[in-house]
Amino acid sequence: MADGDAGGEGPAEGGVVTRPVRLGPRSVAALVLVTVIGVAAFGWPLLAAPGSGLAHSGDAPWLFAGLLPLLLAVVVATVADTGLQAKAVAMLGVLAAAGAALRPLGAGTAGIEPMFFLMVLSGRVLGPGFGFVLGSVSMFASALLTGGVGPWLPFQMLAMGWVAMGAGLLPGAERWRGRRETVLLAAYGAVASVAYGTVMNLQGWPYIGSLASGISFVPGDPLPDNLARFAAYCLSTSLGWDLPRAVVTVVATLTVGPAVLRALRRATRRAAFDAPVAFAKGPVPGSRHSR
């Protein structure tokens with residue numbers, strides 16, 4: 001087929017990728033801002049200078065937990081205001097509902113989370129802007145569905161937004177199809193699955209400081225010491241969930257990924273997001289020409 005959906009390596013129709021959201025300067029600026037603040041929100045235990053008040057503050061996690069929802073709302077509103085059409089909102093609702101329904105299937109057991117592969121594939125087809133909004137909204141919807149609402153939710157929304165946005169930024173969106181693209185997405189999904197668990201560990205790690213164990217965060221300690229403790233914390237607490245999540249994402253991408261990619265691209269073409277709206281001239285209802 002000319003659109004490359006039959007599994008070949010050819011580009012899509014005319015080599016043009018149709019995206020439901022075209023990022024403008026305002027949207028890009030909002031995404032960059034929330035990403036920079038998000039890095040600070042996750043990494044403040046490692047980024048804060050030993051002698052600073054932030055390094056010794058127990059209020060920093062709560063400050064960021066309160067700030068991130070506002071920033072995420074600003075980003076979603078900005079992206080929607082600059083290019084999220086009614087058809088894109090409908091597709092966003094369908095995919096977010098599918099992602100929210102997939103997440104409870106594994107119930108967090110041993111990291112079995114089939115939601116990840118759908119976020120990666122959707123971000124690849126629909127672009128980084130749509131991917132970020134989809135990842136954030138899907139995580140919010142799944143939290144409401146499973147009762148997982150808490151101070152960690154804004155961090156989960158941001159991290160999942162990054163996962164889907166990163167898939168939209170991968171190379172070869174206009175050229176790569178078939179096995180090469182599937183392998184690329186599977187590899188990215190594996191890395192993103194482990195990275196998601198790692199950054200979410202950063203969110204919860206400072207809370208165990210009171211345990212005074214060899215893997216807890218020590219406010220004001222030098223970066224190498226805290227970094228070694230954090231690595232030990234990841235190995236002992238979450239690697240058993242992160243690796244199965246990566247395996248599930250890779251297997252799902254390699255097996256059902258090609259069919260999902262074709263379905264997403266077909267739905268995107270039929271939605272005709274880039275088609276200009278035109279009103280045909282015709283007789284005015286009620287006039288003698290319309291009788």
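Buried means under 20% relative accessible area. The model treated here is predicted.

## Exercise 1. The overall fold

Task: State how many helices and strands the protein has, and describe its burial, contacts and surface.

Solution.
- Step 1. Count the elements. The protein has ten helices and zero strands. Along the sequence the pattern reads α-α-α-α-α-α-α-α-α-α.
- Step 2. Check burial. The protein has 291 residues, and 46% of them count as buried.
- Step 3. Look at contact range. Take contacts between residues at least 6 apart in sequence: 77% of these join residues at least 24 apart.
- Step 4. Turn to the surface. The accessible surface is about 13600 Å². Carbon and sulfur atoms account for 70% of that area.

## Exercise 2. The two sides of helix H8

Task: Find which residues of H8 are buried, and explain why they lie on the same side of the helix.

Solution.
- Step 1. Define the helix. H8 spans residues 223-237 and has 15 residues. From first to last C-alpha it reaches 21 Å, close to the 21 Å expected at 1.5 Å a residue.
- Step 2. List the buried residues. They are Asn226, Arg229, Phe230, Tyr233 and Cys234 in H8.
- Step 3. Check their directions. These residues cover an arc of only 140 degrees around the axis, so they sit on the same side of H8.
- Step 4. Recall helix geometry. An α-helix has 3.6 residues a turn, so residues three or four places apart point the same way.
- Step 5. Inspect the opposite face. Turned away from the buried side are the exposed residues Pro224, Leu235 and Ser236.
- Step 6. Identify the cover. H1, helix H7 (179-204) and helix H9 (239-255) are among what covers the buried residues of H8.
- Step 7. Pick one residue of H7. Asn201 is found in helix H7. Its relative accessibility is 9%, so Asn201 counts as buried. Leaving out residues up to four places away in sequence, Asn201 touches Phe230, Tyr233, Cys234 and Ser238.

## Exercise 3. Salt bridges across the sequence

Task: Locate the salt bridges of Glu113 and Glu181, and say which parts of the chain they link.

Solution.
- Step 1. Start with the total. The whole structure holds four salt bridges.
- Step 2. Take Glu113. Its salt bridge partner is Arg245, with the closest N and O atoms 3.1 Å apart. Glu113 lies in the loop between helix H3 (86-106) and helix H4 (115-126), and Arg245 in helix H9, so the pair ties together parts 132 residues apart in sequence.
- Step 3. Test both for burial. Glu113 has a relative accessible area of 11% and is buried. Arg245, at 6%, is buried.
- Step 4. Extend the network. Salt bridges link Glu113, Asp242 and Arg245.
- Step 5. Move to Glu181. Glu181 and Arg124 form a salt bridge, 2.8 Å from N to O. This pair links distant parts of the chain: Glu181 is in helix H7, Arg124 in helix H4, and they are 57 residues apart. Both Glu181 and Arg124 are buried.
- Step 6. Add the next partner of Glu181. Arg265 forms a salt bridge with Glu181, and the closest N and O atoms are 2.6 Å apart. Arg265 is in helix H10 (residues 257-271) and Glu181 in helix H7, 84 residues apart. Arg265 is buried, as is Glu181.

## Exercise 4. Two residues of helix H6

Task: Describe the surroundings of Ala164 and Gly168.

Solution.
- Step 1. Place Ala164. Ala164 belongs to helix H6. With 0% relative accessibility, Ala164 counts as buried.
- Step 2. List its contacts. Ala164 touches Met119, Gly123, Gly131, Phe132 and Gly135, not counting residues up to four places away in sequence.
- Step 3. Add a C-alpha distance. Ala164 and Ala192 are 28 residues apart along the chain, and their C-alpha atoms are separated by 9.2 Å.
- Step 4. Place Gly168. Gly168 is found in helix H6 (residues 153-168). Gly168 is buried, at 10% relative accessible area.
- Step 5. Repeat the distance step. The C-alpha atoms of Gly168 and Ser122 are 8.1 Å apart, with their positions 46 residues apart along the chain.

## Exercise 5. A nonpolar patch

Task: Identify the residues of the nonpolar surface patch that includes Val32.

Solution.
- Step 1. Name the members. Val28, Val32 and Val36 make a nonpolar surface patch of about 240 Å².
- Step 2. Place Val32. Val32 is found in helix H1 (residues 25-47).
- Step 3. Check exposure. Val32 is partly exposed, with a relative accessible area of 47%.

Conventions. Residues numbered from 1 in each chain as written. Predicted model: local features only at pLDDT ≥ 70, side-chain atom pairs only at ≥ 80, totals over all residues. Heavy atoms only, no water. Patch = residues over 30% accessible without salt bridge, like charges linked within 9 Å, V, L, I, M, F, W, Y side chains within 5 Å. Areas by Shrake-Rupley, 256 points an atom, 1.4 Å probe, with all protein chains shown as cover. Salt bridge = Lys/Arg side-chain N within 4 Å of Asp/Glu carboxyl O. Helix = DSSP H or I, 4+ residues; strand = E, 2+ residues; numbered from the N terminus. Buried < 20%, exposed > 50% of the residue type's maximum accessible area, 1.4 Å probe, protein only. Expected span 1.5 Å × (residues − 1). Arc of directions from axis to C-beta. Contact = heavy atoms within 4.5 Å.
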